[in-house]
Amino acid sequence: SEGHAEENTEASYASNESLTEVGLMYPLDTFTVNLLSESGRRYLKVEMNLEIEGEELSPELDTKKPVFRDIIIRILSSKSLEEISTIKGKEKLKEQIVEELNMRLKDGKVKNVYFTDFVVQ
């Protein structure tokens, strides 16, 4: 039954293992983009690491890095200052990045995005 499958995923989330174990990290170069802003120019400077599943994914990521940078720049520059200034907004941003990148991957998947630097100026 469908309900049963859902319980399983929750159970695996609840186990400490999934919280303490971090996958392979794939760092990306710094992104600097213009934000959508009513009040003149605002810049967002972001550094991020992709948490990836599957070691065999690294070569594919290397090949597709320009594509990924393009996607991430497009996503970031479509946001307003208000959208990304809340914790919830940042979470949504991460989800969107993960989703879009995974649509273009064959050899594994991006599990999460970690912002190591997130500065608006």
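This briefing walks through two helices and a few side-chain arrangements in the structure above. Please keep in mind that the model is predicted. Helix α3 spans residues 57-77 and carries a kink at K64, while helix α5 covers residues 87-102 and holds K94.

**Helix α3**
- The kink at K64 is about 65 degrees, and the proline P66 follows shortly after.
- K64 is also one of the buried residues of α3.
- Joining K64 on that buried list are L57, E60, L61, F68, I71, I72, I75 and L76.
- An α-helix has 3.6 residues a turn, so positions three or four places apart point the same way.
- The cover over the buried residues of α3 includes the strands β1 (24-27), β2 (31-34), β3 (43-53) and β4 (109-120), along with helix α5.

**K94 and its contacts**
- K94 counts as buried because its relative accessibility is 15%, under the 20% cut-off.
- Leaving aside residues up to four places away in sequence, K94 touches N112, V113 and F115.
- One of these contacts, F115, is itself buried, because its relative accessibility of 18% also falls under 20%.

**Aromatic rings**
- The count of aromatic pairs comes to 1.
- That pair is F115 with F118, whose ring centres lie 5.0 Å apart.
- The planes of F115 and F118 meet at 55 degrees, so the pair is tilted, as an angle between 30 and 60 degrees requires.
- Elsewhere, R69 lies over the face of F31, at 4.2 Å from the ring centre.

How values were computed
Residues numbered from 1 in each chain as written. Predicted model: local features only at pLDDT ≥ 70, side-chain atom pairs only at ≥ 80, totals over all residues. Heavy atoms only, no water. Helix = DSSP H or I, 4+ residues; strand = E, 2+ residues; numbered from the N terminus. Buried < 20%, exposed > 50% of the residue type's maximum accessible area, 1.4 Å probe, protein only. Contact = heavy atoms within 4.5 Å. Phe/Tyr/Trp six-rings, centres within 6.5 Å; stacked < 30°, edge-to-face > 60°. Lys NZ or Arg CZ within 6 Å of the ring centre and 35° of its normal. Bend = angle between axes of the 7 residues up to and from the residue.
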